[in-house]
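Visitor: Could you take me through one part of this model up close? I'd like to look at the packing in the interior, and at what sits around it.

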Amino acid sequence: VPASLAAKAAQEAADADTPPLRVGVLADVHVTHAATDGSRHANSDYYLKLAFRQFKARGVDAVVIAGDIANTGLRSELKVTGDAWREVFPGNRDDSGRPVEKVFVYGNHDVLGPQDGTAADDRYVQTDRAAAWREAFDEDYSDVYVKDVKGYKFVGVHWGKEAVESPAFLAAHASELAGAKPFFHVQHPHPRNTVFGS
């Protein structure tokens, strides 16, 4: 076999083994604080950073967090996740400079208020979802959004916006989501009959 044909065959085999899209998926990370001195407390960002680093090592194109980013709805909790992201993916890029997209959505724990029955104040995400999102993740907030990752569309729907905003958004963006490639729909609540249990 001529060397040029062998090289071409090897390249075609490598291309066939390379997935067109790599996505890291998390949900319910429930971060409350930054880890100190290597603390492995379950609600610190210790394991979150490990996951981000593993995703980076595997060459992901996007990372999904499908809700419950924070634990008790505090903006400071949400910001810890944003800080962890910036540490591992500064400028939303991996070490080679390749872009890595955040596909994060709020879950119910992200928009909790005080558990003692008092009114939420500006420490809580629920008082201003958009401002909390911008502060934590350096991007504008929208109840429902679509992001393009290597030609694949990701629709993100934040907690409480699934029933009304999502169907209208999908209808309005039907032509954008149509085509040969699948699109991905990210939300926190489990659609009925997709998980064990009711």
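Guide: Let's start with the whole chain, then go into the core and work outwards from there.

Keep in mind that this is a predicted model. The chain has six helices and six strands, and along the sequence they run α-β-α-β-α-β-α-β-β-α-α-β. Taken along the principal axes, the C-alpha atoms fill a box of roughly 75 × 50 × 35 Å. Of the 198 residues, 39% are buried. Look at contacts between residues at least 6 apart in sequence, and 68% of them join residues at least 24 apart.

Now to the core. The largest nonpolar core holds 27 residues, and Phe52, Val63 and Phe104 have the most contacts inside it. At least two residues of this core come from each of helix H2 (46-57), strand E2 (62-66), helix H3 (75-88) and helix H4 (129-137). The most generous of the contributors is H3, with five residues. Apart from this core there's another one, made of eleven residues, including Leu21, Val103, Tyr145 and Tyr152.

Val63 is a good place to stand and look around. Leaving out residues up to four places away in sequence, Val63 touches Phe52, Phe55, Trp85, Phe89 and Phe104, along with Gly24, Val100, Glu101, Lys102 and Val103.

Two of those partners, Phe52 and Phe55, are among the buried residues of H2, together with Tyr46, Leu48, Lys49 and Ala51. Yes, there's a lysine in that list. The cover over the buried residues of H2 includes strand E1 (23-26), E2, H3 and strand E3 (101-105). As for its geometry, H2 has twelve residues and reaches 17 Å from first C-alpha to last, close to the 16 Å expected at 1.5 Å a residue. After H2 comes Gly59, with a positive phi near 75°.

H3 is next. The end C-alpha atoms of H3 are 20 Å apart, in agreement with the 20 Å that its 14 residues should span at 1.5 Å a residue. Its buried residues are Arg75, Glu77, Leu78, Val80, Thr81, Gly82, Ala84, Trp85 and Val88. They pack against H2, E2, E3 and H4.

The pairing of H3 with H4 deserves its own stop. Their axes come within 7 Å and cross at roughly 30°. Angles under 35 degrees count as roughly parallel, so that is what H3 is to H4. On the H3 side the contact involves Arg75, Leu78, Lys79, Thr81, Gly82 and Arg86, which meet Ala131, Ala132, Trp133, Glu135, Ala136 and Phe137 of H4. Sorted by class, this contact has six nonpolar, two polar and four charged residues.

One of those H4 residues is worth a visit. Trp133 sits in helix H4 and is buried, at 1% relative accessible area. Beyond four places in sequence, Trp133 touches Leu78, Ile69, Phe104, Val105, Tyr106, Asp138, Glu139, Asp140, Tyr141 and His158. Phe104, you'll recall, is one of the residues with the most contacts inside the largest core. For a sense of distance, Trp133 and Phe183 lie 50 residues apart in sequence and 24 Å apart from C-alpha to C-alpha.

Now for the loops. Gly107 belongs to the loop between E3 and H4 and is buried, with a relative accessible area of 0%. Setting aside neighbours within four places in sequence, Gly107 contacts Gly67, Asp68, Trp159 and His188. The C-alpha atoms of Gly107 and Ala70 are separated by 8.5 Å, although the two residues are 37 apart along the chain.

Asp68, one of those contacts of Gly107, lies in the loop between E2 and H3. Its phi is positive, about 55°, and it isn't a glycine. Asp68 is also buried, at 2% relative accessible area.

His30 also has a positive phi without being a glycine, here near 50°. You'll find His30 in the loop between E1 and H2. With the cut-off for buried set at under 20% relative accessible area, His30 makes it in at 15%.

Key:
Residues are numbered from 1 along each chain as its sequence is written. This is a predicted model: local features need pLDDT of at least 70, side-chain atom pairs count only at pLDDT 80 or more; totals for chains, interfaces and linings use all residues. Side-chain values use heavy atoms; hydrogens and water are left out. A nonpolar core is a set of buried Ala, Val, Leu, Ile, Met, Phe, Trp, Tyr and Cys residues joined through side-chain atoms within 4.5 Å. Buried means under 20% relative accessible area, exposed over 50%, partly exposed in between (1.4 Å probe, protein chains only). Helices (H or I, at least four residues) and strands (E, at least two) are DSSP runs, numbered from the N terminus. Contact means heavy atoms within 4.5 Å. The expected span of a helix is 1.5 Å times one less than its number of residues. Axes are lines fitted to C-alpha atoms, for helices over the stretch in contact, and angles run from 0 to 180 degrees between N-to-C directions. Angles under 35 degrees count as roughly parallel, over 145 as roughly antiparallel, 65 to 115 as roughly perpendicular and the rest as oblique. Ala, Val, Leu, Ile, Met, Phe, Trp, Tyr, Cys and Pro count as nonpolar, Asp, Glu, Lys and Arg as charged, and the others, Gly among them, as polar.
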